[in-house]
Every structure is written in C-alpha cells, then in structure tokens.
Amino acid sequence: MRSQLKAGFRAGRGTNRAGYAVAQDERSPVSGTSLTPLADWSMPPQNIIYADAEGHIGYVIWRKAPVRDKNLGLLPAPGWTDAHEWSAIFRTPSCRCPSLASGRIVTANNKMTGDDYLYFLGIEYYPGWRAAWLTETLAFKERHSFRDMQEMQTDNVSKFAESLAPWLAQAGADNTWERVGHLALRDWNHRLEVDSVGATVFHYTLLELLERTFGDKLGALMPGVLGIASNPLFGITGMAMRAENRLLQLIQSQEHSFWYADAKSGRERTREELIKESFKAAVRRLRDEIGESSVRWQWGRHHQVRFVHPLGSVRLLRTFFNRGPYPIGGDANTPMQSRHSSQLPLELVRVAPAYRQIFEVGQWDRAVSVTINGQSGHPLSRQYDDQIPMWREGVYHKMPWSRAAVEEETVYWMRLAAS
C-alpha cells in the first residue's frame, strides 16, 4: 500500500502533574490523522504503524522521553544539584526517516531517526541489516501479495553476511577440510537455511575473528561485549551485533590496526593474516568438535530451538512439557530473526519471532497468523503444540475478524461462568 505522505506536526508545550514541561507532537505522520487514541497509553517505547483503506500510511514512535539540559542519563551524574534533572518530558516523538518519503514503512528494531534528531531516544537499537533487506525487497516491485509478505517474514537472507563473507572467503586453504570450508563460503548465497554449510563456517569464523580482534585485548570484559548477560531472564543482549558491526567496519576500512595484533605475544598481524588464522581455527574446531563429514556442518544441526515449559525444568517432566529441539534457519541479522548466544560451541536459539500475522487493510477476514507453538498451555490439548510445524515451515492459518467468519471457522466453544 503506497501513498504520498504529508507530515503535519504541531509541537505543543504544557505542564504535567509532576510539574515538568511537556513537549508533545499532536499529529502523526499520517495526513489528517490524530494521535488522540494513543493519548492515554503509558508504556515502553513502541513503533506504531498506521494504514487505512484509503491508502494512507504512517509511523510514529510512541513513548515518553525525558529531556535533559545536560548529560543523556547514560552515566551517573551529581545528584546534589539540579543541573542534570529532567527539564521536560517529550511525548510522542515523530520520525524523520527516508523510508517514509518512499511511501513504504519498514521497522525492524533499527534506528528510525537520524543522528540530528532533536531528542535523545536511546542507544539500544539493532543494526539496520534486516530493515535494509526488507526495504530492498519492497522496492523490487510495485504490488505485493499475501505470499510475498509471508516470504518476507520468513526470509533468511543476511545483508551482514553478504558484506563480510567475501572477505572470509579470501582466506584460502592449505588442506582438504579448509578447502571444504573455503568452497562453502565462496559458493554461499548468504541465506541461513537449515541445510547450509556456508552458514556454519561463516559463524564459526566470525566468532574466532571476534575473539582474536577484541577478546584477547578486553579479557574479562569480552562476554559483555558479546552480549552474554548474567541476568537469567535476558540471557543475551544486542551488544554482540554492535561488536560484529565494528569488526566489519575495521575489516572494510583498515589493512592494519591495533586490534589485529596478537595481544599475548605482541605480534602484529595484517587484516589478511587475521582472517586466515581465524578461518583455520574455525575449520579446526568444526572438524574436531563436530566431525569430519561436512554434512554434519549444516546450520540446522547446530542452530536449533527448544520450547520449554516452566514445569519442564524438572528432569522427569521434560519430555511431557517440552518440545524440540528443532532445526531453525536465520540468525540475528535476517528478517526471520533467530538469535543464539555468541560463543562456541553454539547454544540453542534464545530469541525467535513468537507470533506472525498479516492483514489486508479493509479485508480483515483475509487475515492470517501463526504462533510459535500452540494456543493452549495444557500439554494434553491438541492445541498445545499443533502450530510448531506451521511456524517452522512458514505456513499460516486463517484469523477471521467478523463474527460470521469467526463462527464459520469455530471448532469448539469454552464458556467461563461464575459458580
């Protein structure tokens, strides 16, 4: 759905109950559309996407953002003065981004505002690799079908790998196993499919590169740089993707760097020597830890997801409550994001899309969706895990909207009544 967007923002300023000045955008990037329905929302930052049957689309970041005259709140500040206090609360900051001008909106956890944006909205953004691929795909043709949208949601292309893998493929080979790895990288299409050998060689080499570039210099700080968190609720963070992007920038721009040196011996290395050593170490680990057959190097054999029920942590109940592990494609930088911890050997996937849905605006009964396992939380129910095969294969089920359509698709009713 495309439209010529007309941004009509009115910045107002008032005072909230706490006495802070409040800067507020009262209009969205949608021509003639008010944000009044969002006025009472108080929540963490959310990307709000708008579309209507007349062809209008729009985007806004909905959040309350503190405005400080000094410091950004990222580091401790003197608390005995008012110099670092909030001077205002900015609500509903608008977005000035090129994707709106094209008549298409793409948001994939990436930074949606430019560096010159008036207000500080934070730094916890993911690199824009996923958004870049989706933008390219949308621009490829004028009209897209439901099937096109399904393929985009489950796409396993990595723009990051497309940029880095050619450098790794220049490492060359000195033995049979290195030649196998070299050919896998050279002929790889940068899709992280479950049967891809190139994807596994790429990730093993990437992690060896990170260790030789940053790890031997940072020591005990390296797990944090790789996003390995100590919090049991959030086992990984987005820091690993920042480290990967910094590595790519170094390799693309510098043949010699302090970061390339061997910290233990002090020996300097060129970019080519660093890549070759990392590639050799990766192939050696693949052969020693996984096996000499390259069939065992396929991505899906090492990149897997397990669905764990809270009661499944009890050993005797695991097979009853838990499901998997299952091979899964993708990685942190593919549209179908599936992230594992950045360490070897590779662990189970910890981040994956829990829910997918597709709507056709104005034709709501055509909506489709799929969830990550099933609709029921009871392991004896057929709906406990019936959507896992659909989710893995990129298949969707109907999600009717109107009462008539819902009743037509209804399998059974559950009535909850007070006794």
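**Reading a predicted fold: backbone, core and sheet**

Reader: His190 lies in the loop that runs between α5 and α6. What sign does phi have at His190?

Author: This is a predicted model, in which local features need pLDDT of at least 70 and side-chain atom pairs count only at pLDDT 80 or more, while totals for chains, interfaces and linings use all residues. Residues are numbered from 1 along each chain as its sequence is written, and side-chain values use heavy atoms, with hydrogens and water left out. Most residues other than glycine have a negative phi, and most peptide bonds are trans. His190 is not a glycine, yet its phi is positive, at about 65 degrees. Asn109, also not a glycine, has a positive phi of about 65 degrees; it is placed in the loop between α1 (98-101) and α2 (129-139). Helices (H or I, at least four residues) and strands (E, at least two) are DSSP runs, numbered from the N terminus.

Reader: Is His190 buried or exposed?

Author: Buried means under 20% relative accessible area, exposed over 50%, and partly exposed in between, with a 1.4 Å probe and protein chains only. His190 counts as buried because its relative accessibility is 16%, whereas Asn109, at 41%, counts as partly exposed. Buried residues make up 42% of the 419 residues in the protein.

Reader: Which peptide bonds are cis?

Author: One cis bond joins Gly324 and Pro325, with omega about 10 degrees; Pro325 belongs to strand β8 (residues 323-327). Another leads from Leu344 to Pro345, with omega near -5 degrees, and Pro345 is in the loop between β8 and β9.

Reader: Which residues touch the most other members of the largest nonpolar core?

Author: In soluble globular proteins, nonpolar side chains tend to be buried together. A nonpolar core is a set of buried Ala, Val, Leu, Ile, Met, Phe, Trp, Tyr and Cys residues joined through side-chain atoms within 4.5 Å. The largest here has 42 residues, and Leu164, Val201, Phe202 and Leu210 touch the most other members. Helices α4 (159-168), α5 (176-186), α6 (197-218), α7 (222-225), α8 (239-253) and α9 (271-290) each supply at least two of its residues. Of these, α6 gives the most, with ten residues. Beyond its neighbours within four places in sequence, Val201 has contacts (heavy atoms within 4.5 Å) that include Gly181, Phe279 and Trp297. Another core, apart from this one, has 14 residues, among them Phe146, Tyr326, Val370 and Ile372.

Reader: At what angle do the axes of α4 and α8 cross?

Author: Two packed helices are described by the angle between their axes and the distance between the axes. Axes are lines fitted to C-alpha atoms, for helices over the stretch in contact, and angles run from 0 to 180 degrees between N-to-C directions. The axes of α4 and α8 come within 11 Å and cross at roughly 45 degrees. That angle makes α4 oblique to α8: under 35 degrees counts as roughly parallel, over 145 as roughly antiparallel, 65 to 115 as roughly perpendicular and the rest as oblique. Among the contacting residues are Phe160 and Trp167 of α4, and Leu248 and Ile251 of α8.

Reader: In what order do the strands of the open sheet lie?

Author: Two strands pair if DSSP finds at least two bridges between them. Three strands form an open, antiparallel sheet in the order β9-β10-β11. The edge strands, each pairing on one side only, are β9 (355-358) and β11 (397-398). Helix α3 (residues 146-153) packs on this sheet and touches β9 and β10. Strand β10 (residues 368-371) pairs with β11 over two bridges; Ser369 has His397 of β11 as its bridge partner.
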